[in-house]
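Welcome! Let us take a friendly walk through a protein model, one part at a time. Have a look at it first, and then read on.

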Amino acid sequence: MSDPGNYHPVSLGSNCCKGMEHVILGDTLPFLNFHNVFTSSQHGFRKLRSTITQLLESTNDWTFAIKDKKSVDIIYLDFVKAFD
């Protein structure tokens, strides 16, 4: 836990990037929500959904699968190094 390599700096975007993000969130997301492009499993940047709600939902699904004696395969991907 004390290895500094485990921690990544917070990146602050430029004003141009922040403006573009505002446009995308303000115009594109309502359009995609209106046309039901996202599935109910999509979390992360949607309103009232986060990575925490995704984790809770996944844990719930895994618990029921194990309870019902079904096989559960889980794959974890870490993309942090890809964007360094």
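Before we start, one term is needed: helices here are DSSP runs of H or I with at least four residues, numbered from the N terminus. Please also keep in mind that this is a predicted model.

With that term in hand, we can sketch the overall layout. The protein has 2 helices and 0 strands. Helix 1 covers residues 15-34, and helix 2 covers residues 51-67. How much of the protein counts as buried? Of its 84 residues, the share is 7%, where buried means under 20% relative accessible area. The area that the protein exposes comes to about 8,000 Å², with 63% of it supplied by carbon and sulfur atoms.

Let us begin in helix 1, where we meet Pro30. This proline counts as partly exposed because its relative accessibility is 43%, a value between the 20% and 50% cut-offs. Pro30 and Arg46 are 16 residues apart along the chain, and their C-alpha atoms are separated by 10.0 Å.

Moving on, we come to the loop between helix 1 and helix 2, which holds Asn36. Although Asn36 is not a glycine, its phi is positive, near 50°. Is Asn36 buried or exposed? With a relative accessibility of 65%, Asn36 counts as exposed, because the cut-off for that class is over 50%.

Past helix 2, the segment that follows contains Lys69. Here again a residue other than glycine has a positive phi, this time of about 60°. Lys69 has 76% relative accessibility and therefore counts as exposed.

Now for the largest pocket, which holds about 220 Å³ of space. Which residues line it? The lining consists of Leu55, Ser58, Trp62, Asp73, Ile74, Ile75, Tyr76 and Leu77. Sorted by class, these are 6 nonpolar, 1 polar and 1 charged residues.

Two names from that lining, Ile75 and Leu77, come back at our last stop. Together with Phe79 and Phe83, Ile75 and Leu77 make a nonpolar surface patch of about 560 Å². Where does Phe83 sit in the chain? Phe83 is found in the segment after helix 2, as is Lys69. Phe83 counts as exposed because its relative accessibility is 70%.

Key: Residues numbered from 1 in each chain as written. Predicted model: local features only at pLDDT ≥ 70, side-chain atom pairs only at ≥ 80, totals over all residues. Heavy atoms only, no water. Patch = residues over 30% accessible without salt bridge, like charges linked within 9 Å, V, L, I, M, F, W, Y side chains within 5 Å. Areas by Shrake-Rupley, 256 points an atom, 1.4 Å probe, with all protein chains shown as cover. Salt bridge = Lys/Arg side-chain N within 4 Å of Asp/Glu carboxyl O. Buried < 20%, exposed > 50% of the residue type's maximum accessible area, 1.4 Å probe, protein only. 1 Å grid on protein atoms, 1.4 Å probe; cavity = no way out; pocket = protein on both sides within 12 Å on 5 of 7 lines; lining within 4 Å. Points joined across faces, edges and corners; volume = space filled by probe spheres on them. Nonpolar A, V, L, I, M, F, W, Y, C, P; charged D, E, K, R; others polar.
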